[in-house]
Structures are given as C-alpha cells and as structure tokens.
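I sat down with this model to look up a handful of side-chain contacts, some strand pairings and the main pocket. My notes follow in the order in which I looked.

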Amino acid sequence: MKRNMRILLTLISIFVATLPGFAQKKITPVDNDPTKPQQPTLHYYDKHGNPLNEPVLFLAELDTVTKVNSGPVYPLLQSVSVGVNFFDAIMKLAGQTHQSYDVWASLSLHNWFEPIVEFGIGFADNHPDEGNFRYKGKPSFYGKIGINYNFLYKSNPDYQVYLGLRGGYSSFSYDITDITINSSYWDQTNRFSLTDQKAHAFYGEVVAGIKVMLWKNISMGWNLRYRHKFKVSDAANSTPWFIPGCGAGASLGASFSLIYTLPLHKTKEMEQRP
C-alpha cells in the first residue's frame, strides 16, 4: 500500500513540474484576412522550371484579369454634323449626264450610332450619240433617312469607319423628246415626244464609308453605296431612265462630302488640337 502511494505521488510531481512548459507554448492562428496586402514570394525557378542563380522576390497578383468595358466611352449626344455631297459635280466633268446633289445632317450618339437625313435635288439631260431620243429629267427633290454604325466608337471621334443603311424616296417628272422611228418598209421617219411624264420611286442603300478630319471641325467623307429599287412606278407612256438620288440604272454609287461637325461635348482629342 505504501509502495503504491509513493508511485502515485511521484507521477503527480512529474505532471506538476511539466505544467509551466505547456503554459508557455503559444498557438499561432491562421491568417485569413482577405484585406491584408499580398506578401512577395521567394522564387527559386523561372517560368520554364529552370533553377535561378539567385532567388528572386516577386509579388504576384492572384487575379489580374479585368473586365473589358464593351460599352460606349463618349456621351450620348456627342456631336452634330452637316455635310454637302458634291460627288456628281466631279462626275459631270467626266461626262456624266445626270446629277444628284444633296445636303445631309447627322446626330452622333455615343460616337457609335449616327441617325442621318439627306435632302437633295436631281436632274438629267441625256442624248445618246447612237440613240433616237433625248431624255430630260426635270429638277426634282428626293429625301433619304437612315443610320450609320461607327466601328471606331471607342476611338477619336474625328475619324470614322462605318456601315450604314438608307431608305430613299423621290417623286419626279421628265420629258422624252426627239423620238425618231424609221420605217424602211414605208420609207418614212416619224418624230414625236412624250412630255410631262410623272413617276415616283422608293429605294434602299447599303453604305460603307470613312470620315477623316482635315482641320479643326472640318472633315471629309467618302462612301460607296449599293442601291436597290423597291418600287418604281411607270409613267403613262414610258419607264423612267433616271431616278433622283438613285442614279440611272447602275446599282453602285458613291458620295464625296465636305463636313462641318459641331461638338456637343469637349473631348481630350479636341484639347490636343493645334
């Protein structure tokens, strides 16, 4: 019995003697603070897995992917532009026998979409060298409405590459004179005229063009147009050869405009102009 008591007292003494050591041991908590700045990491190998001569400290961002802003970068009402198309004036010098001249205005929305209206006047005077008639289109008004899509909507507004659509309408009149019909059987020549012929037309256009700044608010614009006639009415005794704003037969056309742009918001590109 005494022996067992001595063993028990000895064990108690050993346990009490080791308590100060346990009390001095500290528990280090795991640091999970997400707001704490990232610490640099010591790298021993390069990105190819080859050992470095000396270790390098490198602060790596765990997530460097940022969301790309695909929306507009300019204000809603960016600018107003007014242009004068004089392409047919150049073509007249080359011998073209019909002309369409127009002025247009557009509103730039976010430098992205651009609603546009065009108003003009067209006329023709065609007497083919080998023909037996003279077609004279009287000066008639036409109008178009449409929209452009600017592919450079995040770039400098002074420059554009765009694709657009137009819908056009014209009500016009024309004369066909000096109509000559030869009859070899009767050995006779008949001459007559069809005057005051009236017609109207509705047509559409697909437009692709560019715009570049020349000086301050003055720009130049070029575009190509593919035209399609949706509906053309015939006159009482003839079919129109020329449609104001749409041309004479050919599906392809063009325009060449001098443009003035009135900014509605000042941009950093404007501040950097000389």
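**Entry 1: T261 and S81**

I began with the side chains of T261 and S81, which are joined by a polar contact of 2.9 Å; the model is a predicted one, and I keep that in mind throughout. T261 belongs to strand β10, and I count the residue as buried because its relative accessible area, 11%, is under the 20% cut-off. Which residues does T261 touch, once neighbours within four places in sequence are left aside? I found S79, V80, S81, K211 and N217.

**Entry 2: the strands around that contact**

I then followed β3, residues 77-85, and asked how its pairings are arranged. With β10, strand β3 pairs in the antiparallel sense over seven bridges, and V80 has L262 as its bridge partner there. With β4, strand β3 is again antiparallel, joined by eight bridges; I noted S108 as the partner of S79, and S106 as the residue opposite S81. S81 therefore appears twice in my notes, as the residue that stands opposite S106 in β4 and as the side chain in polar contact with the buried T261.

Going on from β4, I looked at β5, which runs antiparallel to β4 and is joined to it by 10 bridges. Within that pairing V103 stands opposite F119. The two strands form a hairpin with three residues between them, and H110 in the turn has a positive phi of about 60 degrees. N111, in the loop between β4 and β5, also drew my attention, since I read a positive phi of about 60 degrees there although the residue is not a glycine. Is N111 buried or exposed? I have to call N111 buried, because its relative accessible area is 2%.

**Entry 3: N148 and R166**

Next I turned to N148, which is found in strand β6. Its side chain makes a polar contact of 2.9 Å with the side chain of R166. The relative accessible area of N148 is 5%, so I enter the residue as buried. Beyond the neighbours within four places in sequence, I listed its contacts as W112, F113, E114, I116, Y162, L163, G164 and R166. F113 belongs to that list, and β5 covers residues 113-126.

**Entry 4: two residues of β8**

In β8, residues 188-215, I picked out F192. How far apart are F192 and D178 in sequence and in space? I noted 14 residues along the chain and 6.2 Å from C-alpha to C-alpha. D178 is also among the contacts of F192 outside its neighbours within four places in sequence, together with T177, I179 and I181. F192 has a relative accessible area of 37%, so I wrote it down as partly exposed.

D196 is in strand β8 as well, and I flagged it for a positive phi of about 55 degrees although it is not a glycine. With a relative accessible area of 41%, D196 is partly exposed, whereas N111, which also has a positive phi, is buried.

**Entry 5: the largest pocket**

I then went to the largest pocket, in which about 280 Å³ of space lies. Its lining consists of 22 residues, and those nearest the centre are D88, H98, R227, G253 and A254. By character I divided the lining into eight nonpolar, eight polar and six charged residues. Which elements each supply at least two residues of the lining? They are α2 (87-93), β4 (98-109), β6 (134-150), β9 (218-232) and β10 (252-263), and β10 gives the most, with four residues. Strand β10, which holds T261, thus came up again here as a contributor to the lining.

**Entry 6: the whole chain**

I closed with the overall layout. The protein has three helices and 10 strands, and from the N terminus on I read the order as α-β-β-β-α-β-β-β-β-β-β-β-α. Of its 274 residues, 31% are buried. Among contacts between residues at least 6 apart in sequence, 62% join residues at least 24 apart.

Notes: Residues numbered from 1 in each chain as written. Predicted model: local features only at pLDDT ≥ 70, side-chain atom pairs only at ≥ 80, totals over all residues. Heavy atoms only, no water. 1 Å grid on protein atoms, 1.4 Å probe; cavity = no way out; pocket = protein on both sides within 12 Å on 5 of 7 lines; lining within 4 Å. Points joined across faces, edges and corners; volume = space filled by probe spheres on them. Nonpolar A, V, L, I, M, F, W, Y, C, P; charged D, E, K, R; others polar. Buried < 20%, exposed > 50% of the residue type's maximum accessible area, 1.4 Å probe, protein only. Polar contact = N/O pair within 3.5 Å; in protein donor to acceptor, adjacent residues only side chain to side chain. Contact = heavy atoms within 4.5 Å. Pairing = 2+ DSSP bridges.
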